[in-house]
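Visitor: Hi, I've got a fold to look at and a few quick questions. Can you walk me through it?
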Amino acid sequence: AVRGARVTLAAAHVDAGVLARLPASVEVIPVNTALELNDVVRHLCTDADAVVMAAAVADYRPATVSAAKIKKHGLDDDETGPVPPPVITLVENPDILAGLVSDPPRGEDGRTLVVGFAAETGDEDGDVLSHGVAKAWRKGADLLAVNAVGPALGFGDVPNAVVVLDAQGREVARASGSKDDVARALVDLIAERLENN
């Protein structure tokens, strides 16, 4: 928005103080669930030059939603003994990022540049970047910003560093510094890609 783009933010569970600091030109559409977010993002992308999927959506959601609190009272015991806690069955949420790539909502009049993020940790199967490369191949986003996360790393008010990959997992840029520094570098890269398309 600061660079002059028309920005719409689909926001779920974002602190009101954060929203209050946004430029006045940013339109905010509140959503509550992953399914709502999927619908809103797909609708917005019918007319968007770029979409930046900056936050992760839970992979699963409860299959059924209770209209009231599930209370422990009355579940603890019955005449035969202790009653086990209820089982919560999970179903998979849509992969919004991958869906924008595999089934683009924008019509014949253009293409939306799709930018995703991959917050990764290393493990026995690979390091942060190898996991990011694998995700780039799976998701197919035009750009995927990969960053390491962990204690005091990646989340919150701490310095950040990203490696930006293309859909084939090739490195196209690196950025580091404050969250604002990284955001500026990503916006520069997005603007460059849009100008060249």
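Guide: Sure, one term up front: a contact means heavy atoms within 4.5 Å. This is a predicted model, where local features need pLDDT of at least 70 and side-chain atom pairs count only at pLDDT 80 or more, while totals for chains, interfaces and linings use all residues. Residues are numbered from 1 along each chain as its sequence is written, and side-chain values use heavy atoms, with hydrogens and water left out.

Visitor: OK, so what share of the contacts is between residues 24 or more positions apart?
Guide: 56%, taking the contacts in the protein chain with a separation of 6 or more.

Visitor: And how many helices and strands are there?
Guide: Five helices and eleven strands. Those are DSSP runs numbered from the N terminus, helices being H or I with at least four residues and strands E with at least two.

Visitor: How much of the chain is buried?
Guide: Buried residues are 28% of the 197 in the protein chain. Buried means under 20% relative accessible area, exposed means over 50%, and partly exposed is in between, using a 1.4 Å probe and protein chains only.

Visitor: Switching to H2, which residues are buried there?
Guide: Ala34, Leu37, Asn38, Val40 and Val41. They pack against strands E1 (8–12), E2 (27–31) and E3 (50–53), plus helix H3 (96–102).

Visitor: Why does Asn38 count as buried?
Guide: Because its relative accessible area is 15%. Asn38 touches Pro94 and Ile96, leaving aside residues up to four places away in sequence.

Visitor: What about His13, buried or exposed?
Guide: Exposed, because its relative accessibility is 67%. His13 is in the loop between E1 and helix H1 (16–20), and its phi is near 55°, a positive value in a residue other than glycine.

Visitor: Now the strands. Why is E8 described as largely enclosed?
Guide: Because six of the eight residues of E8 (residues 113–120) are buried.

Visitor: Which way does E8 run next to E3, parallel or antiparallel?
Guide: Parallel, with four bridges joining E3 to E8. Two strands pair if DSSP finds at least two bridges between them. Val51 has Val114 in E8 as its bridge partner.

Visitor: How many bridges are there between E8 and E9?
Guide: Six, also in the parallel sense, with E9 covering residues 143–148. Glu120 stands opposite Ala148 in E9. From E8 the chain crosses through helix H4 (residues 128–139) to E9, a right-handed β-α-β crossover. Right-handed here means that, with the strands pointing away from the viewer, the path from the first strand over the helix to the second runs clockwise.
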